[in-house]
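Student: Please take one part of this model and look at it closely. Which residues does it hold on to, and how is it placed against its neighbours?

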Amino acid sequence: MAWLRLLRSRRVGVTTFFRLMGEHGSAQAALEVLPEVAKTAGVDDYSVCPLPVVEKEIDWAVKCGAEMLCFGAPDYPALLAEIPDPPPILWAIGNLDLLARPTVGVVGARNASSLGTRMARKLAGDLGAAGQVVVSGLARGVDTAAHTAALKTGTIAVMAGGVDVIYPSENAVLGEEIGREGLRLSEAPMSLTPQARHFPRRNRIISGLSRAVVVVEAAAKSGSLITAEMALEQGREVFAVPGHPFDARATGCNRLIRDGATLLRGAQDVLDVIGGGVENAAPEPRAIAADPAPAPAPVANVAPVGIPPAPAETRTLAETAALHQLILDRLGPSPVSEDQLVRDLAMPAGDVASELTDLELEGHVSRAPGGLISRTG
């Protein structure tokens, strides 16, 4: 209770928390001197976090089935405790045993291409088959694909808001499944709605929990690159999947490789460095490259996004424009098969084919032999 009051007090962040604990020996002692410390720093009329506030948070956590993990306790993740700014307190919902197993972070673009999501699914599935727990951030795109593929073998979702607030809302079902079969973690107060400023702090936990971090797709300025940079600062191994130079979603990964990250072709590249092997794994697809004969992806591994599938003749102009953008977001300069695109969109093949024809006539997509499609321009 005293730890939570100290951490929730105004102007007390992670660094201040540990400094006060080191100087005064306990959270209760720090709470008693905190108003005087604040006054010395020029803050008058300072008061610590009221007891009823943390009592309410703890009561709600109990109702949600969340457990508190405190720094230094036996159930606190050992790897995370090694980073320079570990969270003093984590809220957890799910299987805490996953924290004792080897972990690999898999992150990437929210607007991932069809090839990017396919690579994330393959990579996470093979890492899970080799005994690794997949850590990610429950975001759209690559995160969603990685969590879904590793759900049965073990996955941890690190959240920017409260551990009871699943964001984005389209991942509500997946988030609930992770709470039952995997693990959700957050340092944020219960019920906190995530804001943009919370995500960089969240990213240090993803990398801190992981022995290695893999970036599948990332733009030049993205949260995935922040995670990779934090991983390097924490002494973790960083891997990046190469991509087509003309695809903006590959810019970050290609830059990471240029700057010394390990080029990743598949899960075995990670396991060769951190130990382990892929048992009975299918041959790896070439990283973000065309595959003329992709293996069918289970519908359960597809995260439907965008507008609902409606017959072409009933769509409004706005819905058609949204569908066109959804298709283009899934495509890049590297060709992907039309069948794979249809599976990723979770839409009737006839509807997709007709829209692809329109996009081709407009010069937005081009076709190659073997049923391959790529984005132009």
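Tutor: D269 is buried, with a relative accessible area of 11%; buried means under 20% and exposed over 50%, with partly exposed in between (1.4 Å probe, protein chains only). The model is predicted, so local features need pLDDT of at least 70 and side-chain atom pairs pLDDT 80 or more, while totals for chains, interfaces and linings use all residues. Residues are numbered from 1 along each chain as its sequence is written, and side-chain values use heavy atoms, without hydrogens or water.

The side chain of D269 forms a salt bridge with that of R265, at 2.8 Å from N to O; the term requires a Lys or Arg side-chain nitrogen within 4 Å of an Asp or Glu carboxyl oxygen. Unlike D269, which is buried, R265 is exposed, at 55% relative accessible area.

Helix α11 covers residues 267-274; a helix here is a DSSP run of H or I, at least four residues long. Its axis lies 9 Å from that of helix α5 (residues 114-129), at an angle of about 40°. The two are therefore oblique, being outside the ranges under 35, over 145 and 65 to 115 degrees. On the α5 side, L123, D126 and L127 meet A267, V270 and L271 of α11, with heavy atoms within 4.5 Å. This contact has 5 nonpolar residues, 1 charged and no polar ones.

Helix α5 also holds R121, and D344 lies in helix α13 (residues 338-345), so their pairing ties together parts 223 residues apart in sequence. R121 and D344 form a salt bridge at 3.3 Å between the closest N and O atoms, and both are buried.

Methods: Axes fitted to C-alpha atoms, helices over the stretch in contact; angles between N-to-C directions. Nonpolar A, V, L, I, M, F, W, Y, C, P; charged D, E, K, R; others polar.
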